[in-house]
Amino acid sequence: MWVEADLARALARCFVTDMTRILAPLALFLVAAAPAPEPDRSIAQTESDLVAGRTTSVVLVRHYLARIAAVDKAGPKLNAVIALNPRALADAAASDARRKAGRPRGLLEGVPILIKDNIDSADPIPTTAGSLALANNITHRDAPLMARLRAAGAILIGKTNLSEWANMRSPTSSSGWSGKGGLTRNPYILDRSACGSSSGTGAAIAAGLAVAGVGTETDGSVTCPASVQALVGLKPTVGLIPRSHVVPISHSQDTAGPMTTSVADTARMLTVMAGSDAGDPASADANRHKQDYTKALDVGALKGARIGVLRWAIGDEPGTAKAFEAALAQLKAAGAILVDVKKPADHDKMGSYEQTILITELKQDLNAYLASTPSNVAVRDMAGLIAFNKAHAAQELPWFGQEFFEQAQASKGYDDAEYKKAVAEAKRLAGEDGIDRMLAGDHLDALVAPTGGPSWRTDLIAGDHFVGGGAGNYPAVAGYPHLTVPMGQVHGLPVGLSFIGAKWTEAKLIALGYSYEQATHARRLPQFLTAPETPKP
């Protein structure tokens with residue numbers, strides 16, 4: 001129930017448990033405004049330490065809770081974590097007990113993780129999609145992907161902030177901002193965007209607030225935040241990871257994906273999450289294609305691989321172009337055969353078709369999710385959501401509007417001829433006449449391009465202004481896999497290299513990305529700078 005403005009303002013702050021309030025004074029004492037970088041802790045290293053008894057899951061969870069208090073709620077105040085799981089320490093203790101009894105559950109036993117706050121979990125924390133309208137949405141259910149993570153032994157320590165409603169509310173929105181969680185900041189340079197919509201997962205994992213994380217993507221929402229925060233991010237084939245009980249935008253394009261500090265960690269996370277689920281028709285074939293992706297980790301995978309180079313996707317940022325040329329030289333040195341690939345015909349038409357699809361599916365898919373929420377969630381459909389935002393405009397509409405919501409409400413549904421044409425044409429342009437044709441023309445194993453340019457200064461008034469190019473809209477619209485791996489830095493800001501492939505070729509992309517990663521080791525830890533460092537003469 002919504003009453004006074006003060007209550008709404010209070011609810012708009014990140015959900016902070018009593019544990020965080022207890023830890024915050026200690027964190028302020030231990031960590032200054034510019035904390036030391038947290039060395040990356042891989043899943044394999046974590047498992048090794050747990051098996052050897054050098055640490056416990058309880059110790060790890062306490063460490064990350066303290067770091068969240070110090071770095072996310074104080075210090076640089078990233079605003080990456082929107083809610084903490086009050087069961088995390090109890091779950092960690094249960095994990096330690098299983099390990100001591102010789103009964104570990106699986107590949108992630110005792111590993112602390114974070115998930116984006118549009119993914120349901122059975123823990124007593126809400127799934128809000130960053131909106132105050134869902135502040136009471138404690139669903140008491142695990143999304144299938146979360147159930148699989150839990151079954152593999154992962155410890156959910158909390159949920160991450162995001163661009164509200166996964167950045168599908170307004171064309172002038174600012175990535176990383178939500179009415180519930182505020183603005184997520186980029187840990188590399190704090191006034192720069194963390195990109196979206198999985199901004200919180202990206203910032204949190206880059207800053208060392210958990211071992212690994214999960215984001216979601218409709219178009220760029222895993223790969224962009226991963227790229228600008230020096231992470232490995234994978235947008236898998238649509239349907240490889242089921243979407244049931246994940247707040248949706250589009251059943252044609254939505255998918256969850258791992259966000260980690262290494263390709264090996266991404267492979268392990270994907271192995272756990274992949275597979276069919278009866279609640280998601282798009283996942284019907286997933287069991288036939290899923291595999292143990294850790295077996296694809298081949299340091300020599302680039303030798304003899306035929307790689308298509310999308311120079312037309314470089315963009316006009318000189319630093320990105322320079323970093324990409326260096327990456328191409330590294331690919332070639334590792335044995336790859338590079339082939340320049342021409343830009344597909346009718347490239348510019350794809351965006352308008354995609355927008356028609358997203359606007360139409362947003363209303364239908366979001367209405368279905370809202371109808372499944374607990375009865376104490378007052379907003380039950382798109383019309384109610386639009387009305388809620390208007391009634392709480394000071395908290396929900398302070399910087400940008402809800403034009404996409406209003407367009408979605410006015411859309412004509414799946415029988416609309418314009419929608420049907422958009423679905424057919426978009427899939428053809430991105431898939432058959434896009435990625436498939438580019439790969440087949442020169443018998444290529446994968447395509448590469450810059451994931452995008454360096455991050456831009458956050459502008460809550462004018463919205464995002466992306467820098468650089470990228471070709472991520474092709475795999476997004478086609479529903480094909482897209483892996484980004486750290487490529488280097490431009491002006492102290494990370495940029496990623498994209499590996500794009502045909503449907504169900506995650507293992508091949510992981511092999512190629514791992515080979516590139518091991519040859520370059522391009523990831524650098526964040527320094528929490530307040531402004532770019534002055535170049536030395």
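In this predicted model, helix H3 (residues 43-52) runs across helix H9 (residues 263-273), with the two axes coming within 8 Å and crossing at roughly 80 degrees. Since anything from 65 to 115 degrees counts as roughly perpendicular, that label therefore applies to H3 and H9. On the H3 side the contact uses Ile43, Ala44 and Glu47, and on the H9 side it uses Asp265, Arg268 and Met269. Sorted by class, these residues of the H3 and H9 contact come out as 3 nonpolar and 3 charged, with no polar ones.

A second crossing pairs helix H12 (residues 350-371) with helix H15 (residues 403-410): here the axes come within 8 Å and the angle is roughly 75 degrees. That value makes H12 roughly perpendicular to H15. H12 brings Gln355, Ile359, Leu362 and Lys363 to the contact, while H15 brings Phe404, Phe405, Gln407, Ala408 and Gln409. The class split for H12 with H15 is 5 nonpolar, 3 polar and 1 charged residues.

Turning to the strands, 11 of them make up an open sheet with mixed pairing, and their order reads E1-E3-E2-E6-E8-E7-E12-E13-E11-E9-E10. The edges belong to strand E1 (81-84) and strand E10 (337-340); each has a single partner strand, so one side of each has no neighbour in the sheet. Going from strand to neighbouring strand, the turn is 30 degrees on average, with direction ignored.

Within this sheet, strand E7 (residues 232-235) and strand E12 (residues 482-490) are paired in the antiparallel sense, over 3 bridges. Glycine 233 has threonine 484 of E12 as its bridge partner. Helix H18 (residues 506-520) packs on the sheet and touches E7, strand E9 (306-309), strand E11 (446-450), E12 and strand E13 (493-500). The direction of H18 makes about 20 degrees with that of E12.

Strand E2 (residues 112-116) is mostly covered, as 5 of its 5 residues are buried. In a regular strand, side chains alternate between the two faces of the sheet. For E2, both faces are covered: Pro112, Leu114 and Lys116 are buried on one side, and Ile113 and Ile115 are buried on the other. E2 also pairs with strand E3 (residues 155-160), in the parallel sense and over 5 bridges. Opposite leucine 114 stands glycine 158 of E3.

As for covalent cross-links, the count comes to 1 disulfide. This disulfide joins cysteine 195 to cysteine 224, with an S to S distance of 1.8 Å. The torsion about the S-S bond of cysteine 195 and cysteine 224 is about 100 degrees, so the disulfide is right-handed. Cysteine 195 sits in the loop between strand E5 (182-183) and helix H7 (199-206), and cysteine 224 sits in helix H8 (residues 223-228), so the pair ties together parts that are 29 residues apart in sequence. Cysteine 195 and cysteine 224 are both buried.

One loop residue rounds things off. Aspartate 292 is found in the loop between helix H10 (286-289) and E9. Its relative accessibility is 30%, so aspartate 292 counts as partly exposed. From aspartate 292 to valine 448, the separation is 156 residues in sequence and 24 Å in space, C-alpha to C-alpha.

Note on methods. Residues numbered from 1 in each chain as written. Predicted model: local features only at pLDDT ≥ 70, side-chain atom pairs only at ≥ 80, totals over all residues. Heavy atoms only, no water. Axes fitted to C-alpha atoms, helices over the stretch in contact; angles between N-to-C directions. Helix = DSSP H or I, 4+ residues; strand = E, 2+ residues; numbered from the N terminus. Parallel < 35°, antiparallel > 145°, perpendicular 65-115°, else oblique. Contact = heavy atoms within 4.5 Å. Nonpolar A, V, L, I, M, F, W, Y, C, P; charged D, E, K, R; others polar. Disulfide = S-S within 2.5 Å. Buried < 20%, exposed > 50% of the residue type's maximum accessible area, 1.4 Å probe, protein only. Pairing = 2+ DSSP bridges.
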